[in-house]
Every structure is written in C-alpha cells, then in structure tokens.
Amino acid sequence: MNTSVKTDELMPMTELQISQVREFVDGLATKSQTYWDMVHIGDELSRELHITPELVILYADAVEDYNPWYEGWTMNTWQTEGQSPFGGAIVPPLLVSHFVLSVQFDHTKPFAVGSIHTFHDTEVLEPIPVGARVRILTRATDKYVKRGRRYVRHEVLVTDVASGLLYLREVRDILSL
Amino acid sequence: MTQTLSGRPVHGLITRETPVGHVLVGVKKRATIQLMGSRLWGRFNPNHWDPVYAARTGLKAPIQTGEMSSAYISEMCVNHFGAHYLRQSRVVCKYVASILANEVIETGGQVREKTPKGHGFRFTVDVWAQNEAGEKKTTGWVEVDVGVDADPAAQP
C-alpha cells in the first residue's frame, strides 16, 4: 500500500472536508459484503425508474455530452418538450444501462464496495422519451471464475411501464472482490 | 459538411454508401475526478473517486466507472449514425484496462463490415477508447442499421 497518497491529491480540500471523506469511506467499507456473496444465480430484481428531464441532464453533464436532443430541461425555460428526430427530447442511449446497476445491486442491502463493471452487450431497441417511466428487470444468470477472478453475469430488460414497449436488452458482467 | 437532423455539424453521417474501412472521428475527454465522483455514479465505490481507498486496493489512482467510456463511445456513434443509432442497434464494450483519474481519453471507430439488410445495410463498427499513449482502455463493436427501410423519408 502506498501510504503517501493523500485524500486531497486530485482536488483541493480543507482538513474538514478530508475528515468528512475519510469518515464516509470508512463507513462504506464496514457495512458492505462482497457482490459475489450477495448474488445467487436466478435472482430477479426489478425497479421502476422515472426518467425526469433533470435526471437526464445530470447524466449528460457527468459524461459531458451536450447533444440538444437530450434537453428536456434547460436553464431559464426549465422543463421543455425538447426536440429530436423522434419528436420531443430523448434519453441518451446508454443512460438506462447505467441505472441497471441500481437494480442488480439490491438497493435494500448495503452496497458491495470494490466491484467493477467489466463488460456489457447492449441492444438499444427504441428511443426512450424524456419523462418516461421504465421498468428495469435484472436476472442473475451466471457466476464464474476466470483467471482467478470472480464474475457475476446478469441479463437485463428495460420496458416502458405504461405500454410495455421493450426499450433495451443487455447482458453485463461485474467483477467482484 | 453533413449535418444531423438537429442541425449539429459532424464529420459525415454514415450512409448506405459509406465504405468498409471508414474511420469515425471520436470524442476526447479528460477523466476529471469531480465528474468521476458525481452522485450520478453512486459514490458507493470509492475506487472511482478516493485516491486513498484506490491505493489500498492496489490502484495507481481512482478509476473511471466503465459506464463513462461507454457513454463516450455512444456519443461518437450518435455523431456518426444520427437517429439510426437509437433503433435496433447493438453496443458491446469490454473494459480491458482501467481509466485513471486525469487521463485524457479519445474514442475511435472504424467500419469493419456492412451486411445487406432491407434497402440498406447493417454496419458493424469496431470501437475503442484509448489514452494519449495509445493504450486501449475499452474495446468493442457496434451494429447499426442504416437505410434499411423502403422509404427513407419514413426514417427519422
């Protein structure tokens, strides 16, 4: 372990901020278990997500994607219909793929720290309008060890809550500690 | 220069006529620690934003969540395929190496294959994200239908 690494190495912080970060991280580490132990093959989890305009902006800003197709919220006008080739504003194609994480990690249990997403095979089937409510369904299909590392595989379906339209289908792997 | 339907200039939308070997112009981003630590990603895995925790687990620095490089590749695909990319496409990404905080990442792509489908083609494009030293961090491919409908006007 490199003991010379500092909490504020990559961004400026006061001593107070540093102590807040250390307390938060220590809390995460003591409450969680490994993902490998949390998941059993055949586990199915499902949640509904309301994809609000503000959530889309949060995502688009975090990945620095400023395509106007995704703007169902802008400063000054606030919520707006937006414009895209499909009519109103649409959701960035892989946004829901990210939120799968909040389903396959059972949100009612402490999160499994140290897990890493390693692979996804995603079918983007239909554009999702901003404002849609989607259901994300995950099913654990495999747990395997490769080169001494432990992986958990899930299959995912994302559908429209109101119409049942299938928006996205995915297979994804997580490397567990 | 071709424009997307929203009027955004790009370096040439891919059409039925685009040949195998065509190179996509990527997007370039820095792995900024503030964005890596956004609440959007959960903040429950300190490997993504805390240098001390990352060092304890053997990492040289906090690493980006893979979702970020997939999003960069996806942005490149929207720039080149426009609305076609939003229907019946496939995106496969493998995170082959970690993207460390402060690295500059650039995506790339090249048309590997075009398979006749309907009135157009299903394009297969090799995609990747790499750092400034040319080290591949994410690799994969996308498949996108272009011009497969009989009436091009019916397509968005």
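Trainee: What makes the contacts in chain B with a separation of 6 or more largely a matter of residues 24 or more positions apart?

Mentor: In this predicted model, residues 24 or more positions apart account for 63% of the contacts in chain B with a separation of 6 or more, where a contact asks that two C-beta atoms, placed from the backbone, lie within 7 Å.

Trainee: How do you know which elements chain B has, and in what order they run?

Mentor: The secondary structure of chain B comes to three helices and six strands, and from the N terminus on these run β-β-α-α-α-β-β-β-β. A run of helix needs at least four residues and a run of strand at least two to be given a number.

Trainee: How many of the residues in chain B are buried, and what makes a residue count as such?

Mentor: Of the 156 residues in chain B, 46% are buried; each of these therefore has 20 or more other C-beta atoms within 10 Å of its own.

Trainee: Why are A:Pro53, A:Val56, A:Tyr59, A:Ala60 and A:Ala62 called buried?

Mentor: These residues of helix H3 of chain A, which spans residues 53-62, are buried because each reaches the cut-off of 20 or more other C-beta atoms within 10 Å. The buried residues of H3(A) pack against strand S2 (73-74), strand S3 (78-79) and helix H4 (95-99) of chain A, and also against helix H1 (33-36) of chain B. After H3(A) comes A:Glu64, with a positive phi near 55°.

Trainee: What does each chain bring to the contact between chain A and chain B?

Mentor: Chain B and chain A each bring 44 residues. On the side of chain B that touches chain A, two or more residues come from each of H1, helix H2 (51-56), helix H3 (66-81) and strand S3 (89-95) of chain B, and H3(B) gives the most, with nine residues. By class, that side of chain B has 23 nonpolar, 13 polar and eight charged residues.

Trainee: Why are strand S4 of chain A and S3(B) said to pair?

Mentor: Pairing asks for at least two bridges between the strands, and six join S4(A), residues 116-124, to S3(B), so the two strands pair across the chains. They run antiparallel, and in S3(B) the bridge partner of A:Thr122 is B:Val91, while that of A:His120 is B:Cys93.

Trainee: How do you know that S4(A) also pairs with strand S7 of chain A?

Mentor: Eight bridges join S4(A) to S7(A), residues 166-176, against a requirement of at least two, so this too is a pair, and an antiparallel one. Here A:His120 stands opposite A:Arg172 in S7(A).

How values were computed
Residues are numbered from 1 along each chain as its sequence is written. Chains are lettered from A and ligands numbered from 1 in the order in which they are written. This is a predicted model: local features need pLDDT of at least 70, side-chain atom pairs count only at pLDDT 80 or more; totals for chains, interfaces and linings use all residues. A residue is buried if 20 or more other C-beta atoms lie within 10 Å of its own, exposed if 12 or fewer, and partly exposed in between; C-beta atoms are placed from the backbone. Ala, Val, Leu, Ile, Met, Phe, Trp, Tyr, Cys and Pro count as nonpolar, Asp, Glu, Lys and Arg as charged, and the others, Gly among them, as polar.
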